[in-house]
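Here's a quick walk through one protein model, from a single strand position out to the whole fold. Have the viewer open while you read.

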Amino acid sequence: MKLKTVLLFFTCLLLQSPQINAQETQPEELEMIFANPAKQPYFIGGLDAFSGFFHRNFVMPSRFKGSGVSTVSFVVEKDGSLSDIKVVNDLGYGTKKELLRVLKLSPKWKPGEMHGKPVRTSYRMPITLVNP
């Protein structure tokens with residue numbers, strides 16, 4: 001009798017396990033990231049507003065002299081926040097650290113859209129740095 005009860009208990013556990021796991025999957029990190037959604041994400045206010053935000057917050061590292069173009073990449077999340085921020089090509093002299101700091105301060109963007117719904121979208125942009 002005890003053996004049947006134990007076997008019944010384990011059988012019930014085995015039958016329920018896939019249902020529990022199926023409900024626990026699909027964390028946000030696993031959601032698809034779009035490269036070319038129907039509507040691209042954008043900084044609210046446009047490019048001029050982003051440029052203003054960037055210039056107000058970016059502090060040119062004193063060790064950096066000259067000019068160069070650094071490319072940054074990030075994901076614009078469904079709520080407009082930025083994640084997975086990376087500097088693709090570092091100009092050196094502390095510019096990477098400062099670019100990351102400023103982009104982490106960014107206000108929320110208008111997210112990309114597919115079929116009228118916000119989606120996670122990868123985004124790349126060049127940023128020109130000049131320090132005479």
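Where is the place of Thr71? Thr71 lies in strand β2. Bear in mind that this is a predicted model.

Let's stay in that strand for a bit, since Ser70 has its place in β2 too. Here is how the two residues look side by side:

| Residue | Relative accessible area | Contacts beyond four places in sequence |
|---|---|---|
| Ser70 | 0% | Val87, Asn89, Leu91, Leu99, Met125, Pro126 and Ile127 |
| Thr71 | 18% | Lys86, Val87, Val88, Asn89, Arg124, Met125 and Pro126 |

Is Thr71 buried or exposed? Thr71 counts as buried because its relative accessible area is 18%, and the cut-off for buried is under 20%. Ser70 is buried as well, at 0%. Ser70 also has a polar link to point your viewer at: its side chain reaches the backbone oxygen of Asn89 at 2.7 Å.

Now for the strand's partner. β2 runs antiparallel to β3, and four bridges join them. One pairing to look for is Val76 with Leu82 in β3. The two strands make a hairpin with five residues between them, and Gly80 in that turn has a positive phi of about 95°.

Gly80 and Leu82 turn up again around Trp109. Leaving out neighbours within four places in sequence, Trp109 is in contact with both of them, and also with Pro41, Tyr42, Phe43, Ile44, Phe50, Phe74, Val76, Tyr123 and Met125.

Which residues have the most contacts inside the largest nonpolar core? Trp109 is one of them, along with Phe50, Phe54, Val72 and Phe74, in a core of 20 residues. The elements giving two or more residues to this core are α2 (46–57), β2 (66–76), β3 (82–87), α3 (95–105) and β5 (117–131). The top contributor is α3, with four residues.

Zooming out, the protein has three helices and five strands, in the order α-β-α-β-β-α-β-β along the sequence. Of its 132 residues, 32% are buried. Among contacts with a separation of 6 or more, 75% are between residues 24 or more positions apart. As for the outside, the protein exposes about 9200 Å², with carbon and sulfur atoms supplying 60% of that area.

Conventions: Residues numbered from 1 in each chain as written. Predicted model: local features only at pLDDT ≥ 70, side-chain atom pairs only at ≥ 80, totals over all residues. Heavy atoms only, no water. Core = buried A, V, L, I, M, F, W, Y, C linked by side-chain atoms within 4.5 Å. Buried < 20%, exposed > 50% of the residue type's maximum accessible area, 1.4 Å probe, protein only. Contact = heavy atoms within 4.5 Å. Pairing = 2+ DSSP bridges. Areas by Shrake-Rupley, 256 points an atom, 1.4 Å probe, with all protein chains shown as cover. Polar contact = N/O pair within 3.5 Å; in protein donor to acceptor, adjacent residues only side chain to side chain.
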